[in-house]
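User: I am new to this structure and would be grateful for a close look at a single part of it. Please examine the salt bridges, and explain what the pairs connect and how they sit with respect to the surface.

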Amino acid sequence: MTGEVDLDATQGHWRNGQLKALLQHCLEHFHYILVRTDPGVAVPLLKDCLQLSGQAYLLIQPDSKDLYHRDLLLRELRSDPTTGMGRIRTVFCRAKGETPQCELLRRLEPGLHGYVHDCPPPDHREGDGGLTSAFREDLRRLAREIGRCRIGLALSSGGARGLAHVGVLQVLEENDIHIDVVAGCSMGSYVGAVWAFGYDGVYMEKLAREVEHRWGIFELVDPFLFPRRGFMRGEKVKNRLQRSIGDIHFSELRRPFRVVATNLSTLERVVFSTGDVAEAVHASSAIPGTCAPVTINGEQYIDGGVCDPMPVDLLEDMGIERIIAVNTIPTPALMRYSEELRRESMDAGRPRSNRFVNLLNKYVNYFAPGNILDTIFRSFHGAQMRVAEQSCRRADLVIRPICFDGRWHDFTHPGKYIAIGRCEAESRLDQVKALLKRTPSHHEDRTTYHTLATTA
């Protein structure tokens, strides 16, 4: 249950302690109290609100006037440690039709908590209509955060097998299952970036099928003439992503998004939540030995799968209450089974070997089984398996859209992987819905009403 209290600059009749007493009384009857204020409200009144707050949200427009009032408020509050400055989060309300790329948002990105898109004008009245789906969804996401019932989606690495993530997202969308934040690694970061930008699963499948032809792999490969730092640059993949989402920054995405990469110098996990999205995805997808490391702000990065191929604990660190992991990395047992099927098929069919193809695979095709790129990736994959399985144990639900005969560079058959993702997600749909209905556990003997969400 939620109660509401309105404060505006004309209400000067509040005496010292009266507002705090009112709020304490309200908290005995409501789970949450929403305090709506305007910039002219006296700071002492706001302090009374903040001292009782579990979390405070400053909902402001991205313009110089609102930012000026915010800075004045924060400056006043810093002098009093009892106000709980760490609980204050800034949320930008973006007007409908506002340009997607906003330099002000980019400058303030590190201190930005979230955003609400397509906000109506200040004179908009309830019942007037005209509220967009994006506005409603952003408000619901904020409400789920306050109510501590957010859903996070972790998308694993896995090369072409990661296209199965698209099928999973399609099923979630078709069943009206809303995700509050998505975290991705390597291929999972690519799929997550396109989805966080605002494209739906149907359009994402269309993008994936653009390379669904015999020579499609060459639209993604850009080899070095002299492979000193890696065999491929990875720029074609980055450019392809930029054609879909442009030079957008994290603060301009429609959905909250995180990208995992590995610092080449320290081998530490690095989480990108600010800056250029395509650049972060490029770093997260730079398979060591296969692709050249990516330099961002003077630091070199390689594939996030080196340190965290299944970023479940990233969502845990963010405080996400319910986590769904989508793991496309097969286990050794599944790979052993796949190899047995392949050998049985060869023994049964005894296909005649093509001498010309064999020569190409032996001397030209670096991707052929047993050749250097295939060996590098399979070794890399072997190191990921156990780490990914350990991470999955921390998730509330794991979806495993795994293909037995899939190759890491098989991007010319996207339909196969997307279909596997859909099938596996549909088989777990009841579990997903049950996860959404799960009641948060309380350690107290009775419910305590202590959370106060304030907005200014």
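Analyst: Glu321 forms a salt bridge with Arg150, and the closest N and O atoms of the pair are 3.5 Å apart. Glu321 belongs to the loop between α11 (312-317) and β12 (322-326), whereas Arg150 belongs to the loop between α5 and β6 (151-155); the pair therefore ties together parts that are 171 residues apart in sequence. The two partners may also be described by their accessibility. Glu321 has a relative accessible area of 26%, so it counts as partly exposed. Arg150 has a relative accessible area of 12% and is buried, because buried means under 20% relative accessible area. It should be kept in mind that this is a predicted model.

A second pair may be read in the same manner. Arg240 forms a salt bridge with Glu210, with 2.8 Å between the closest N and O atoms. Arg240 lies in helix α9 (residues 235-245) and Glu210 in the loop between α8 (201-208) and α9, so this pair ties together parts that are 30 residues apart in sequence. Arg240 is buried, at a relative accessible area of 11%, while Glu210 is partly exposed, at 42% relative accessibility.

Salt bridges that share partners also join Glu137, Asp138, Arg140, Arg141, Arg144 and Asp180 into one network. Within this network, Arg141 forms a salt bridge with Asp138, the closest N and O atoms lying 2.7 Å apart. Both Arg141 and Asp138 are found in helix α5 (residues 133-146), where three residues, about one turn of the helix, separate them. Arg141 and Asp138 are both buried. The structure as a whole holds 23 salt bridges, and the pairs described here are among them.

For context, the nonpolar interior may be set beside these charged pairs. The largest nonpolar core has 61 residues, and those with the most contacts inside it are Leu153, Phe257, Phe272 and Val277. Helix α7 (residues 187-197) supplies the largest share of this core, namely seven residues. Leaving aside neighbours within four places in sequence, Phe272 is in contact with Phe250, Phe257, Arg258, Val259, Ala261, Ala280, Ile296 and Tyr301.

Key
Residues numbered from 1 in each chain as written. Predicted model: local features only at pLDDT ≥ 70, side-chain atom pairs only at ≥ 80, totals over all residues. Heavy atoms only, no water. Core = buried A, V, L, I, M, F, W, Y, C linked by side-chain atoms within 4.5 Å. Buried < 20%, exposed > 50% of the residue type's maximum accessible area, 1.4 Å probe, protein only. Helix = DSSP H or I, 4+ residues; strand = E, 2+ residues; numbered from the N terminus. Contact = heavy atoms within 4.5 Å. Salt bridge = Lys/Arg side-chain N within 4 Å of Asp/Glu carboxyl O.
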